[in-house]
Amino acid sequence: MSERPAKVQPIAPAAGMRAVREALPLRTERLVLRTLAPSDIDAVRGYRNAPGQRRWTYSRDQTEAELMAWTAGGAPVFLRDGDAVQLGIEHEGRLIGDIMVRITSLAARQVELGWMVALEAQGKGFATEAAAAALELALAIGAHRVTAQLDDENVASRRVAERIGMSVEGRFVDDDINPATGTFGTSLFMALRRAEH
């Protein structure tokens, strides 16, 4: 007679928030991951709205109000599905990008990562280093499965996801219209389960 699998317990919001608050600022070999602050708005505008960057995020340039909300700062809050923290990626005291850690399902213990690095900081391993640290943070929150959704043509982000242990779980052809290009895009869904880490 086989044993029944243990019942899945949801991520406890207080425990998840405590794990993030205790970890921040998160330091890696070359980077500091920290919550964004109002003083970061010009740097964030610079790399997020740079020509070509929005193509990979399936969104138009961010408005001033959106940038203000993005950089409002404050302690991470994980009370419901969709709640996220946006962490600034700092190198040698300069903000070079950000990484999102979003709860996609408290009940199913699912967390999504998303990253963006300034054009001039790309190709130096910063995104991989930040994503690896964010993956550890997602697991500390209690994630069973950590995901990333990418444009199929975003080879650099796919390599980042693969370097931190994710693999392709699905490829959806022409599944969305990219507002930055006005054309259909193909999405890759990548993931890593805790047992694979």
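A residue is called buried when its relative accessible area is under 20%, exposed when over 50%, and partly exposed in between, using a 1.4 Å probe and protein chains only. With that in hand, welcome to the exercises.

This is a predicted model, in which local features need pLDDT of at least 70 and side-chain atom pairs count only at pLDDT 80 or more, while totals for chains, interfaces and linings use all residues. Residues are numbered from 1 along each chain as its sequence is written, and side-chain values use heavy atoms, with hydrogens and water left out.

**Exercise 1. Get to know the whole chain**

Describe the chain by its burial, its elements and its overall dimensions.

Step 1: Begin with burial. Of the 197 residues, 45% count as buried.

Step 2: List the elements. Helices (H or I, at least four residues) and strands (E, at least two) are DSSP runs numbered from the N terminus. The chain has five helices and eight strands, and their order from the N terminus is α-β-β-α-α-β-β-β-α-β-α-β-β.

Step 3: Check the dimensions. The radius of gyration is taken over C-alpha atoms, and the globule rule is 2.2 Å times the number of residues to the power 0.38. For 197 residues a compact globule would have a radius of gyration near 16 Å, and the chain, at 17 Å, agrees with this. Along the principal axes, the C-alpha atoms fill a box of roughly 60 × 40 × 30 Å.

Step 4: Look at contacts, meaning heavy atoms within 4.5 Å. Among contacts between residues at least 6 apart in sequence, 63% join residues at least 24 apart.

Step 5: Turn to the surface. Accessible areas come from the Shrake-Rupley method with a 1.4 Å probe, and for residues only the protein chains shown count as cover. The chain exposes about 10,300 Å², with carbon and sulfur atoms supplying 52% of it.

**Exercise 2. Find the two sides of helix α5**

Work out which residues of α5 are buried, what covers them, and what the opposite face carries.

Step 1: Locate the helix. Helix α5 covers residues 155–163, and its buried residues are S157, V160 and A161. They span an arc of only 95° around the axis, so they sit on the same side of α5. The arc is that of the directions from the helix axis to the C-beta atoms.

Step 2: Find the cover. The buried residues of α5 are covered by elements including β5 (110–117), α4 (126–141), β6 (145–151) and β8 (183–193).

Step 3: Zoom in on S157. Its relative accessibility is 10%, so S157 counts as buried. Setting aside neighbours within four places in sequence, S157 is in contact with W115 and L150.

Step 4: Turn the helix round. The face away from the buried side carries the exposed residues A156 and R163. E162, also in α5, counts as partly exposed at 38% relative accessibility.

Step 5: Look just past the helix. G165 has a positive phi of about 105°.

**Exercise 3. Follow helix α1 into the next loop**

Identify the buried side of α1, then the peptide bond to look for in the loop that follows.

Step 1: In α1 (residues 13–23), the buried residues are G16, M17, A19 and V20. Their arc of only 155° around the axis puts them on the same side of α1.

Step 2: Look for the packing partner. The buried residues of α1 pack against α4.

Step 3: Move on to P25, in the loop between α1 and β1 (26–27). A cis peptide bond, with omega about -5°, joins L24 and P25.

**Exercise 4. Compare two positive phi values**

Describe E92 and D174 by phi, place and accessibility.

Step 1: Recall the background. Most residues other than glycine have a negative phi, and most peptide bonds are trans.

Step 2: Take E92. Its phi is near 50°, a positive value in a residue other than glycine. E92 sits in the loop between β3 (84–91) and β4 (94–105) and is exposed, with a relative accessible area of 72%.

Step 3: Take D174. Phi of D174 is also positive, near 50°. D174 belongs to strand β7 (residues 167–178) and counts as partly exposed at 45% relative accessibility.

**Exercise 5. A serine in a strand**

State where S105 lies and what it touches.

Step 1: S105 is in strand β4. With a relative accessible area of 15%, S105 is buried.

Step 2: Leaving out residues up to four places away in sequence, S105 touches D81 and Q110.
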